Structure formats: structure tokens, C-alpha cells
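Colleague: I would like to learn how labels such as buried, contact or salt bridge are decided. Could you take me through an example?

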Amino acid sequence: TYVVANLKKFQVISKTLPQSPPCGEIDILCVDKNNNIIYVFEAKSILQSNRPYTISLTFRDFFSNKGKRYYQKLSKKHDFVLANIKVFLLYFKLEYSTDWKVKKAFIVDKNVFAAYHTDYNIDFINIDRIKEYTRIPDS
């Protein structure tokens with residue numbers, strides 16, 4: 001298992017990658033070599049209340065085309081890693097095969113109302129459950 005946090009300068013991974021790609025910084029990149037999965041995680045700590053207006057703002061921040069667009073930004077990061085999967089695996093000295101997958105998820109510190117949106121196939125993982133989610137064994 002390999003983990004890279006706060007990946008901003010992608011040329012650390014490979015000189016063939018742009019220094020600052022349009023996908024922006026990746027909060028956590030986790031490579032599970034046992035299950036052939038690269039996880040692209042976006043960390044979010046959201047202040048929210050149970051008021052309808054603030055709930056709708058949280059949904060908008062995650063899924064709307066306006067505002068913060070968290071889901072769109074995470075999808076860009078996922079797509080960038082997927083498009084360059086061979087380069088990322090080479091950095092970790094792992095061999096590419098077609099059974100490698102790239103998964104994306106939000107890492108949160110509490111339950112977020114947006115996690116219950118049914119129109120998007122995205123996981124919201126409580127920070128305390130990352131290990132369980134990834135099924136990565138102890139080293």
C-alpha cells in the first residue's frame with residue numbers, strides 16, 4: 001500500500017505529467033497493490049446544520065454546476081489519474097494490467113447530508129472508516 005498526500009506538483013510523479021494539471025491538487029492518493037485499486041480521495045470538513053436552507057447549500061456545493069462544485073472537481077482528479085494510470089503505477093514501481101481500477105470518494109469527518117443524494121454514484125467515507133472501506137490489510 002502506498003499513500004501520497006497533498007499532491008500538488010505532479011512532476012514529482014513523472015516529468016511527463018504537467019506540473020500543475022487542470023484537475024488541481026489531490027488530497028490523498030492511495031494505491032492498494034493487493035486489490036489493484038488506486039483511490040483518489042478528497043477530504044472535506046463541512047459545517048452544516050439541520051435547517052433546510054443550509055442542507056440545500058450543502059447539496060449545491062457538492063453537486064451543482066455553480067458554487068464549489070466538489071463532485072465535478074473530484075471527478076476531474078479521478079479522470080486525470082485514470083488517463084495517466086500507467087505513469088502513476090510506474091512511480092510506485094507497480095506493473096500495469098487491465099484489471100487496475102481507479103475509485104473516487106470523499107473523506108469526511110462527520111455525516112454529510114449530501115452523502116444521501118441518489119443521483120450520483122459517489123461514496124462518502126468517514127475518516128474513521130477509511131481502512132474498512134479500502135480493505136487494506138495491516139503491513
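Modeller: Gladly! Going along the sequence, the elements come in the order β-β-β-α-α-α-β-β-α. Please keep in mind that this is a predicted model, where local features need pLDDT of at least 70, side-chain atom pairs count only at pLDDT 80 or more, and totals for chains, interfaces and linings use all residues. Residues are numbered from 1 along each chain as its sequence is written, and side-chain values use heavy atoms, with hydrogens and water left out.

Colleague: What makes a stretch a helix or a strand in that pattern?

Modeller: Both are DSSP runs numbered from the N terminus: a helix is H or I with at least four residues, and a strand is E with at least two. By that definition the chain has 4 helices and 5 strands.

Colleague: Why is the chain called as compact as a globular protein of its length?

Modeller: We compare two values. The radius of gyration is taken over C-alpha atoms, and the globule rule is 2.2 Å times the number of residues to the power 0.38. The chain has a radius of gyration of 16 Å, and the rule gives 14 Å for 139 residues; the two are close, so the chain is as compact as a globular protein of that length. Along the principal axes, the C-alpha atoms fill a box of roughly 50 × 35 × 25 Å.

Colleague: Why is A114 called buried?

Modeller: Buried means under 20% relative accessible area, exposed means over 50%, and partly exposed is in between, using a 1.4 Å probe and protein chains only. A114 has a relative accessible area of 1%, so it is buried. Across the chain, buried residues make up 40% of the 139 residues.

Colleague: Where does A114 lie, and what does it contact?

Modeller: A114 is in the loop between β4 (101-108) and β5 (123-126). A contact means heavy atoms within 4.5 Å. Leaving aside neighbours within four places in sequence, A114 is in contact with T58, F59, F62, F63 and F124. The C-alpha atoms of A114 and L57 are 9.6 Å apart, with their positions 57 residues apart along the chain.

Colleague: What share of the contacts with a separation of 6 or more comes from residues 24 or more positions apart?

Modeller: Such residues account for 59% of those contacts in the chain.

Colleague: How do you know that E42 and K77 form a salt bridge?

Modeller: The definition asks for a side-chain nitrogen of Lys or Arg within 4 Å of a carboxyl oxygen of Asp or Glu. For E42 and K77 the closest N and O atoms are 2.9 Å apart, and the pair forms a salt bridge. E42 lies in strand β3 (residues 37-44) and K77 in helix α2 (residues 70-83), so the pair ties together parts that are 35 residues apart in sequence. E42 and K77 are both buried.

Colleague: How many salt bridges does the rule give?

Modeller: The count comes to 4. Another one of them joins R129 to E132, with closest N and O atoms 2.4 Å apart. Salt bridges with shared partners also link E42, K44 and K77 into one network.

Colleague: Are R129 and E132 buried, partly exposed or exposed, and what makes them so?

Modeller: R129 has a relative accessible area of 43%, so it is partly exposed. E132 has 53%, so it is exposed.

Colleague: What about K110 and D109?

Modeller: Their side chains meet in a salt bridge at 3.1 Å, N to O. K110 is partly exposed at 29% relative accessible area, and D109 is partly exposed at 40%.

Colleague: What is notable about the phi of N6?

Modeller: Phi of N6 is near 55°, a positive value in a residue other than glycine. N6 sits in strand β1 (residues 2-7). With a relative accessible area of 48%, N6 is partly exposed.

Colleague: And where is R69, and what is its phi?

Modeller: R69 lies in the loop between α1 (52-63) and α2. Its phi is positive, about 55°, although R69 is not a glycine. A relative accessible area of 30% makes R69 partly exposed.

Colleague: Last one: what does K73 touch?

Modeller: Not counting residues up to four places away in sequence, K73 touches C23 and K68. K73 is in helix α2, and its relative accessible area of 39% makes it partly exposed.
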